[in-house]
Amino acid sequence: MSIDRPAGDRYPFRAIEAKWQRIWEDGKQFRATEDPARPKFYCLEMFPYPSGRIHMGHVRVYAIGDVLARYKWMRGYNVIHPMGWDAFGLPAENAAIDNGVHPAIWTYENIDYMRSQLKTMGLSYDWDREVTTCDPAYYRWEQLVFVKMLERGLAYRKRSTVNWCPSCQTILANEQVEGGRCWRCDSEVTPRDIEGWFFKITAYAEELLAWCDRLTGWPERVITMQKNWIGRSEGAAFDLPVAGRPELRIRVFTTRPDTAFGMTYAVLAPEHPLVDQLVTMPAERAEVERFRAEVLRQSEIERLAEDRPKRGLRLSAKVVNPFNGAEIPLFIADYVLMTYGTGAIMAVPGEDQRDWDFAKRHDLQIIETVKRPEGWTGEAYTGDGVKINSGFLDGLTIAEAKRQAIDWLVAQGLGEATINYRLRDWGISRQRYWGAPIPVLYCERCGMVAEKEENLPVVLPRDVQISGKGGAPLASAPSFVNAPCPRCGGRARRDTDTMDTFVESSWYFLRYCSPRHETGMFDRAAAEYWMPVDQYIGGIEHAVLHLLYARFYTKVLRDLALVKVDEPFMALLSQGMVIKDGAKMSKSKGNVVDPDDLIRTLGADTARLFSLFAAPPEKDLDWNDRGVEGGARFLNRIWRFAVGHADVLRAAARRCETPSTDAGRQFRRTIHETIQRVTGDIERDFHFNTAIAAVMELVNALHAFEAASADAMPATERAALLREAVEAVLLLLGPFCPHVTEELWQRLGHTESVFKQRWPEADGTALAREEVTVVVQVDGKIRSRLSVDVNASDADVERLALADDKVKPWVGSRRIDKVVVVPRRLVNVVTRA
């Protein structure tokens with residue numbers, strides 16, 4: 001029997017994609033419900049900020065999540081795959097200022113548009129679980145947690161230094177300060193101390209660090225970034241007396257107390273509160289203020305950068321090195337920050353390269369306190385060795401000297417052993433409008449009082465004028481500010497700060513478990529079933545803050561007896577960026593590809609296919625128009641074959657387990673090798689690109705087999721093999737390109753969704769080989785390849801290799817030293833003249 005090659009039409013993606021999106025939505029195909037009888041899989045991509053339109057970065061990350069969700073459904077898992085909106089934030093407030101649109105209107109209009117965009121991608125979200133963080137029904141629960149944290153001392157208020165724009169009369173985030181100036185009005189930014197709210201994340205520093213080693217499903221570089229951000233250091237804290245002013249002492253922290261005899265100067269952060277007490281003369285004070293203003297123009301990253309000169313200002317005050325009684329210079333410098341340690345350091349240029357560079361720049365003494373290796377010609381030495389020039393520590397190893405130096409400090413009453421963390425408490429106060437109000441009031445009689453639980457949520461008022469100037473916008477709304485005291489009923493004023501939007505994103509994954517639950521943050525039984533998230537997916541830019549805050553918040557909720565899990569995310573995939581013309585896609589660079597245009601012209605399946613095929617998910621994706629078009633051609637090729645052969649395929653048996661010809665057996669082996677490869681590529685490291693490549697190879701093999709086998713085997717056997725191959729293609733490609741595969745699956749006569757089928761399993765019988773290809777090397781170079789019986793002995797394989805006509809010339813009259821046979825893979829002939 002002969003099957004004519006069909007011409008076929010192009011895949012009508014617009015009609016087919018709209019059809020299946022409607023069927024999935026009407027049938028609630030992706031609705032998730034708890035089912036203790038089935039293993040669960042919680043698949044989650046980081047939810048988006050509703051900026052107005054999705055971009056190709058969104059397409060990529062959501063396509064990755066969709067592949068995993070659909071694959072896990074087909075593997076028999078009970079999958080939850082939700083979506084929502086990180087809806088508070090400064091851009092909405094800026095839109096209100098620039099365009100006169102209320103943030104709520106701007107946000108919800110954007111959500112509606114972006115939701116429709118996501119639906120055109122055919123993503124398998126359970127839209128019944130959608131959450132929006134600016135909804136009072138959502139943020140009321142984080143207000144309640146704030147109150148609980150306040151009761152336990154985990155939320156507190158203190159003064160801190162912020163960026164202040166005197167023109168706009170408002171506080172600026174670090175990212176709003178550009179070159180030391182306000183991003184909006186270009187006025188020079190100045191430091192200002194204000195009261196603000198903090199979460200005591202430092203109380204969980206040790207646990208956050210310890211759990212890093214248990215997160216085996218996280219990328220190593222993300223774990224390293226988290227550990228570095230927490231920054232645990234063991235060392236000593238001790239005081240440096242100010243020379244001539246014994247009432248003033250500067251506390252320093254060091255991880256190397258053994259080097260204290262080499263301390264030749266000390267450094268304070270420019271913003272250190274002691275600076276104002278040390279500097280009393282007007283001329284010096286003016287110099288200090290100028291230096292502080294210059295430092296303020298630098299970001300923290302710039303101040304700590306290894307590759308830039310360290311700038312400092314020498315003060316007239318000196319401090320005393322308590323180890324040897326020497327008076328040493330005191331500086332303020334840009335590379336010391338109040339946010340790390342004590343905001344003051346002892347400087348040991350002999351054993352610290354940063355201190356060495358600074359000492360050379362300022363012509364300061366350098367004392368070596370560790371004996372250098374013979375032939376050492378470097379600068380600062382950070383290796384091991386024996387102590388020298390160190391008084392009572394001389395002759396000790398570094399480890400011994402550290403312990404003895406600390407013992408001496410304790411005995412002298414000058415200091416103690418200390419564990420220090422780089423991590424600082426989480427400042428959550430924002431002097432902005434578009435955020436969750438902080439549920440605290442200030443009563444004339446009772447002082448600071450938390451709002452009662454029954455009065456929550458404290459709802460964000462709509463009648464607020466947003467100008468971007470004059471401090472917290474809520475302060476200008478009397479109807480919000482003036483409220484009765486929850487304790488005495490007297491006159492009180494509400495706190496006018498709002499919470500950092502990282503608070504909302506620190507627990508949204510829990511709300512997804514029961515988004516309509518009205519008597520608590522979430523239903524505990526649902527959370528216990530679904531949590532933790534099995535696979536979390538998002539950009540590397542969130543490797544520290546969002547992930548760290550979410551881990552902290554989960555632990556707080558655990559300690560409040562709201563959840564049982566210790567960690568929110570068991571596995572993490574940090575996908576790369578989408579690059580075009582050598583740069584990350586952005587409007588400012590003019591290199592943006594609009595997903596709407598791509599979906600409109602080539603279809604959602606093509607957009608998904610390219611974003612998954614062009615690079616492994618953890619790598620940057622380099623956009624290529626030809627690659628996108630190639631994806632469309634591939635889908636059309638599958639479409640034409642399946643539609644053109646639909647009648648024969650529907651009538652055929654679903655598989656041919658015992659082909660009667662070598663060609664049939666080889667083709668069936670190819671089918672099942674592809675199943676094995678694709679399954680392995682998805683399961684191991686999410687190598688979607690190689691999985692898709694394997695399916696493409698199978699499609700090539702399908703066309704080749706169809707063309708070559710017309711008269712070579714029984715027609716029913718041939719048709720069954722073709723059907724087995726086409727169905728394997730549709731099942732394997734389904735998670736990547738769901739619309740075309742659903743349609744073709746239906747056209748093959750199936751009545752149930754392709755995603756309600758079991759994921760195919762490779763047939764071991766089909767994979768079995770009678771022959772294998774063995775590579776033959778002579779002196780390490782490939783000279784031939786042999787097909788040999790799979791059960792051939794090593795001696796038989798050696799004999800066949802030496803008798804091969806391609807091998808003989810390379811052996812010739814040379815003496816054979818040995819022949820190494822690696823069964824079923826390799827023969828290596830080693831010769832000598």
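In this predicted model, the contacts of Ala405 make a handy starting point: leaving aside residues up to four places away in sequence, Ala405 touches Pro257, Asp258, Phe323 and Leu393. Ala405 itself sits in helix α12, which spans residues 398-412. Its relative accessibility comes out at 0%, so Ala405 counts as buried, the cut-off being under 20%. For a sense of scale across the chain, Ala405 and His81 are separated by 324 residues in sequence, and their C-alpha atoms are 56 Å apart in space.

Zooming out, the protein chain splits into five pieces, labelled domain 1 to domain 5. Two of them are built from two stretches of sequence: domain 1 takes in 16-139 plus 503-584, and domain 2 takes in 154-200 plus 430-496. The others are written as one stretch each, with domain 3 at 233-420, domain 4 at 623-767 and domain 5 at 771-832. Between domain 4 and domain 5, the C-alpha centres are 36 Å apart.

Next up is a helix pair. The axes of α6 (residues 205-212) and α16 (residues 545-559) come within 11 Å and cross at roughly 115 degrees. Angles from 65 to 115 degrees count as roughly perpendicular, and α6 and α16 are therefore put in that class. As for handedness, the α6 and α16 crossing is right-handed. On the α6 side, the residues involved in the meeting are Glu207, Leu208, Trp211 and Cys212. Their counterparts in α16 are Leu548, Arg551, Phe552, Lys555 and Arg558.

Turning to strands, one open sheet has 4 of them, in the order β18-β17-β20-β19 and with antiparallel pairing. The edges are taken by β18 (447-450) and β19 (482-484); each has a single partner strand, so one side of each has no neighbour in the sheet. On average, and with direction ignored, neighbouring strands of this sheet are turned by 40 degrees against each other. Looking at one pairing in detail, β17 (residues 440-443) runs antiparallel to β18, and the two are linked over 4 bridges. One residue pair to pick out here is Cys443 and Gly447, with Gly447 in β18 serving as the bridge partner of Cys443.

The backbone also has a couple of cis peptide bonds worth a look. One joins Leu456 and Pro457, with omega at about 5 degrees. Pro457 belongs to the loop that runs between β18 and α13 (478-481). Another cis bond leads from Met531 to Pro532, where omega is near 0 degrees. Here the proline, Pro532, falls in the loop between α15 (524-530) and β22 (535-539).

Positive phi values outside glycine turn up as well. Asp685 has phi near 65 degrees, positive even though the residue is not a glycine. This aspartate, Asp685, is part of the loop connecting α21 (662-683) with α22 (688-708). With a relative accessible area of 56%, Asp685 is classed as exposed, because the bar for that label is over 50%. Arg824, also not a glycine, has a positive phi of about 70 degrees. Its setting is again a loop, with Arg824 placed between β29 (815-822) and β30 (826-832).

Technical notes
Residues are numbered from 1 along each chain as its sequence is written. This is a predicted model: local features need pLDDT of at least 70, side-chain atom pairs count only at pLDDT 80 or more; totals for chains, interfaces and linings use all residues. Side-chain values use heavy atoms; hydrogens and water are left out. Two strands pair if DSSP finds at least two bridges between them. Axes are lines fitted to C-alpha atoms, for helices over the stretch in contact, and angles run from 0 to 180 degrees between N-to-C directions. Buried means under 20% relative accessible area, exposed over 50%, partly exposed in between (1.4 Å probe, protein chains only). Domain bounds come from an automatic or database domain assignment. Contact means heavy atoms within 4.5 Å. Angles under 35 degrees count as roughly parallel, over 145 as roughly antiparallel, 65 to 115 as roughly perpendicular and the rest as oblique. A crossing is left-handed if the near helix is turned anticlockwise from the far one by less than a right angle, and right-handed if clockwise.
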